[in-house]
Amino acid sequence: MSLPLQVGLVGWRGMVGSVLMQRMSTERDFDAIETTFFSTSAAGKAAPKIDGCTVFEPILKDGNNITALKAMDVIITCQGGDYTKAIYKPLRESGWKGHWIDASKILRMQDDSIIILDPINMPVIQKALAKGVTNWIGGNCTVSCMLMGVGALYKAGLVEWMQTSTYQAASGGGAPNMRELLTQYGALYGEVADLLADPASAILEIDRKVAAKQHAFTPAETENFRGIPLGGNLIPWIDADRGDGTSLEEWKGGAETNKIMGLGAMFGTPEIPIDSTCVRIGSMRCHAQSLTFKLTKDVPLADIELMIANDNEWVSFVPNEREKTEKNLTAMNVAGTMNIPVGRVRKLAMGPQYLGAFTIGDQLLWGAAEPLRRMLRILQES
Ligand code: HSE
């Protein structure tokens, strides 16, 4: 596309949207586009001032106004699923043929949508572009972060199956969930601060008081994780109950990984069996996963390490040693960065075709915002 694209941004103020704005600003994405900011609640007010962004429209347009949206070549929305449900269909029915780039899950599994993660599935994206696809949907954060780490094994056709246990951060639930977690940590600390200050105090007394406080949190103090405190706790269920023993998050792991890799009924190929147990833990914004693979053949460990390390510029391979793992393979180390460390890579006791690995990604960056801005670049260059 040669003329600057008219790009409408919706949902730029929320957590994912703010991370997207930061990334677009850092990468100077605004230089080559004409940006219009939309809002569903503050239309008519001044557009935001974002470093490096000269707004095409100085005022916020109404995000519910189909006519205004129709003037865009590309719409990027981080506004959430309800917005997509309300706006996408009428917008298409009005005859709009532009590109819809969406962070929400609503359109992800539709046959006319592609899940975007270009360092991993650029061939799938290019094929779809050539066919005239115009719906580009960001993947589930857990899936995107995992594939950024170990996508090499899928690309090489080496995965017979994969099972994962996740360690998912509070941010996956949203900004209020992060606040709630920290408030709970503070309240738990407050409960035992004087005992902690006394080196002679009994640890079992401290533990008892912490547990009592966890049980005593009020509904208001635990409302974001459905009444369960996450501070000092973990919750092995994420998203809706599908009624068959799996959570929606676990289902997405299999369905979306296959779709991203261009596998499954939509592509006329068999799916790779992928299953998981998804667990919420008290970290801030990085999703980690412990992965078990059955490989399609016995490949030397050194070859596997090289494949993973060389797959894309964001993977950092962490040798399977204690100090390097403790230093590099932590949520804290990855938060706020594009880095995707992969470590604990080793053959498992079950046999030479069984591989273990551990990977971490910032669920707001690679897990949400980054694939969206990269898709915009791909459209500009197509
Ligand atoms: N479902 C993810 C989570 C976030 O709750 O961590 C969105 O992909």
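This report describes a ligand site, three buried residues and two residues with positive phi in a predicted model.

## The ligand and its surroundings

The ligand of this predicted model sits in the largest pocket, and the residues around the ligand are Asn140, Cys141, Gln168, Gly172, Ile238, Glu249, Arg280 and His287. Among these residues, Asn140 offers an N or O atom of its side chain at 3.3 Å from an oxygen atom of the ligand, whereas Cys141 places a backbone N or O atom 3.2 Å from an oxygen atom of the ligand. Glu249 is paired with a nitrogen atom of the ligand, which is 2.8 Å from an N or O atom in the side chain of Glu249. On its own the ligand has 260 Å² of accessible area, and the protein covers 81% of that area.

## Thr77 in strand β4

Thr77 belongs to strand β4, which runs over residues 74–77, and with a relative accessible area of 0% Thr77 is buried, because the cut-off for that class is under 20%. A polar atom of the Thr77 side chain lies 3.0 Å from the backbone nitrogen of Gln79.

When neighbours within four places in sequence are left aside, the contacts of Thr77 are Val10, Tyr83, Thr84, Trp100, Ile101, Asp102 and Ala103. Of these partners, Trp100, Ile101 and Asp102 fall within the span of strand β5, given as 99–102.

## Ser104 and Ser113, on either side of a loop

Ser104 is located in the loop that joins β5 (99–102) to β6 (113–116), and Ser113 is found in strand β6. Both serines count as buried: Ser104 has a relative accessibility of 8%, and Ser113 has a relative accessible area of 0%.

Apart from neighbours within four places in sequence, Ser104 is in contact with Gly80, Gly81, Thr84, Ile137 and Gly138. One of these partners, Thr84, is also among the contacts of Thr77. Farther along the chain, Ser165 is 61 residues from Ser104, and the C-alpha atoms of the two residues are separated by 23 Å.

The side chain of Ser113 has a polar atom 2.9 Å from the backbone oxygen of Leu107, and Leu107 also appears in the list of contacts of Ser113, which, with neighbours within four places in sequence left aside, comprises Leu107, Arg108, Asn135, Ile137, Lys259 and Met266. Ile137 is in contact with Ser113 and is likewise in contact with Ser104. Another partner of Ser113, Lys259, falls within the span of helix α8, given as 248–260.

## Two arginines with positive phi

Most residues other than glycine have a negative phi. Against that background, Arg28 has a phi near 55°, which is a positive value in a residue other than glycine, and Arg226 likewise has a positive phi near 55°.

Each arginine is placed in a loop: Arg28 lies between α1 (15–26) and β2 (33–39), while Arg226 is found between α7 (203–216) and α8 (248–260). Their accessibility classes are not alike, since Arg28 at 48% relative accessibility counts as partly exposed, whereas Arg226 at 79% counts as exposed; the cut-off for the exposed class is over 50%.

Terms used:
Residues numbered from 1 in each chain as written. Predicted model: local features only at pLDDT ≥ 70, side-chain atom pairs only at ≥ 80, totals over all residues. Heavy atoms only, no water. Helix = DSSP H or I, 4+ residues; strand = E, 2+ residues; numbered from the N terminus. Buried < 20%, exposed > 50% of the residue type's maximum accessible area, 1.4 Å probe, protein only. Polar contact = N/O pair within 3.5 Å; in protein donor to acceptor, adjacent residues only side chain to side chain. Contact = heavy atoms within 4.5 Å. Near = heavy atom within 4 Å. Areas by Shrake-Rupley, 256 points an atom, 1.4 Å probe, with all protein chains shown as cover. 1 Å grid on protein atoms, 1.4 Å probe; cavity = no way out; pocket = protein on both sides within 12 Å on 5 of 7 lines; lining within 4 Å. Sits in = over half its atoms within 2 Å of the grid points.
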